[in-house]
Amino acid sequence: MRILGIESSCDETAAAVVQDGRQVLSNVIATSLEEHKLYGGVVPEIASRRHAESISGVVRQALADANCDMSGIDAIAVTYAPGLIGALLVGVNFAKGLSMATNTPLVPVHHLRGHIAANYLTHQDLKPPFLCLVASGGHSHIVAVEDYTTYKVLGKTRDDAAGEALDKAGRTLGLPYPGGISIDKIAPTGDENAFAFPHPRLDTSYDFSFSGLKTAVINTVHRMEQKGETLPVADLAASFQKGVTDCLVEKLEKAATDYGYTSIALAGGVSANSRLRRETDRLCRQKGWQLHLPALKYCGDNGAMVGAQGYYEYVSGVRAQPDLNAYATMPIDRPTF
């Protein structure tokens, strides 16, 4: 079964053809990242315009790379939530039009479910149940994946997401956007123990909080600048990255231990962070747990992850109606469409 996956939740216009939820036949991405760098972050209006300009060509290329046309596609899967509403609407409306024009079933896909499904593309033997840490620019969740379309949120951020905190810290340090990627690049040259940034514990829950950690690095930088001191950028970056990743790993370890999970996965853009991957691997080796890391090319937003999850949504009977809308927010465990 071949699924055409379409993704447009942020600044990547992406399409892919995925077979049986596991095999990627094509994966095409057009990004407006370089344009957003001029503003130090994603500008929603610009992202929406670039999606509208790119989506037709990206889908056409994805079909060509998979050596098929719409007659060889069994269903169209599209990200409908969560994300930037204008950006999502471009993908949703294009997918709806294509579905009606070709009489192809349309399947709505939750963006975070897609990120989790990226692991199915990398690990052919991975099957639920497993525990997944989903960390990205807008989300930080610990999710019990009970089945391919059944999820339970055990913990989530109470304020800033991990990726958002990393990006804002990077901006404060004067690093290029995206700040999280820049921090990850420079951190290995610094001392991660140079600054003792706070590690919020949040009682006994599995929730995260990164606002205090973010404020701590901003205040540290401002104090040093006011005193005319030279910023040890690499040390600050390494120490901040340590704070963020330690918080993520600590909560993941607690949830896995309390719920008895031995199969662990990472997902989302922050799952590409080298320290997070290294520390999660260390934890799982120490505990004797099996770790599943998505290939780096599937950590960011892409159409292949949407096609993978779309397959499992399709076989479970999920279908979108012609009035499918886009939503800026939507819980992963109780989606509506």
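In this predicted model, helix α4 contains a long run of buried residues: His111, Leu112, Arg113, Gly114, His115, Ile116, Ala117, Ala118, Asn119, Tyr120 and Leu121. The helix spans residues 111–122, and 11 of its 12 residues are buried, so α4 is largely enclosed by the rest of the structure.

One neighbour of α4 is an open sheet of 5 strands. The strand order is β3-β2-β1-β4-β5, and the pairing is mixed. The edge strands are β3 (23–31) and β5 (106–110), each of which pairs on one side only. From one strand to the next, the twist averages 20 degrees. Strand β4 (residues 75–81) pairs with β5 in the parallel sense, over 5 bridges. Within this pairing, Val78 stands opposite Pro108 of β5. Helix α4 packs on the sheet and touches β1 (2–7), β2 (12–19), β3, β4 and β5. The direction of α4 makes about 95 degrees with that of β5. Helix α10 (residues 303–315) also packs on this sheet. Its contacts include β1, β2, β3, β4 and β5, and its direction makes about 125 degrees with that of β1.

Aromatic contacts were examined next. The structure holds 11 aromatic pairs. In one of them, Tyr120 and Phe130, the ring centres lie 6.3 Å apart and the planes meet at 85 degrees, so the pair is edge-to-face. This pair links distant parts of the chain. Tyr120 lies in helix α4 and Phe130 in strand β6 (residues 130–135), 10 residues apart. Tyr120 has 0% relative accessibility and therefore counts as buried. Phe130 likewise counts as buried because its relative accessibility is 0%. A further pair joins Tyr120 to Tyr148: the centres are 5.2 Å apart and the planes are at 70 degrees, so this pair is edge-to-face. Here too, distant parts of the chain are linked. Tyr148 sits in the loop between β7 (140–147) and β8 (150–156), 28 residues from Tyr120 in helix α4. Both Tyr120 and Tyr148 are buried. Together with Phe130, Tyr311 and Tyr312, these two residues form one aromatic cluster. A ring contact of another kind involves Tyr314: the charged end of Arg319 sits over the ring of Tyr314, 3.8 Å from its centre.

Phe130 leads to a second sheet, through strand β6. This is an open sheet of 5 strands, in the order β8-β7-β6-β9-β10, with mixed pairing. Strands β8 and β10 stand at the edges with a single partner strand each, so one side of each is left without a neighbour in the sheet. The twist averages 25 degrees from one strand to the next. Helix α8 (residues 233–259) lies across β6, β7, β8 and β9. It runs at about 160 degrees to β6.

Strand β9 (residues 263–267) is paired with both β6 and β10. β6 and β9 run parallel and are joined by 4 bridges. Leu133 has Leu266 of β9 as its bridge partner, and Val134 has Ala267. The pairing of β9 with β10 is also parallel, over 3 bridges. There, Ile264 stands opposite Leu291 of β10. In β9, 5 of the 5 residues are buried, so the strand is largely enclosed by the rest of the structure. In a regular strand, side chains alternate between the two faces of the sheet. Both faces of β9 are covered. Ser263, Ala265 and Ala267 are buried on one side, and Ile264 and Leu266 are buried on the other.

His292 connects several of these elements. The residue is found in strand β10 (residues 290–292). Its relative accessible area is 3%, under the 20% cut-off, so His292 is buried. The side chain of His292 makes a polar contact with the side chain of Ser263, at 3.3 Å. Leaving aside residues up to four places away in sequence, His292 touches Asn119, His123, Leu126, Ser263, Ile264, Ala265 and Leu266. Among these, Asn119 is one of the buried residues of α4, while Ser263, Ile264, Ala265 and Leu266 are buried residues of β9.

Definitions and conventions:
Residues numbered from 1 in each chain as written. Predicted model: local features only at pLDDT ≥ 70, side-chain atom pairs only at ≥ 80, totals over all residues. Heavy atoms only, no water. Buried < 20%, exposed > 50% of the residue type's maximum accessible area, 1.4 Å probe, protein only. Helix = DSSP H or I, 4+ residues; strand = E, 2+ residues; numbered from the N terminus. Phe/Tyr/Trp six-rings, centres within 6.5 Å; stacked < 30°, edge-to-face > 60°. Lys NZ or Arg CZ within 6 Å of the ring centre and 35° of its normal. Polar contact = N/O pair within 3.5 Å; in protein donor to acceptor, adjacent residues only side chain to side chain. Contact = heavy atoms within 4.5 Å. Pairing = 2+ DSSP bridges. Axes fitted to C-alpha atoms, helices over the stretch in contact; angles between N-to-C directions.
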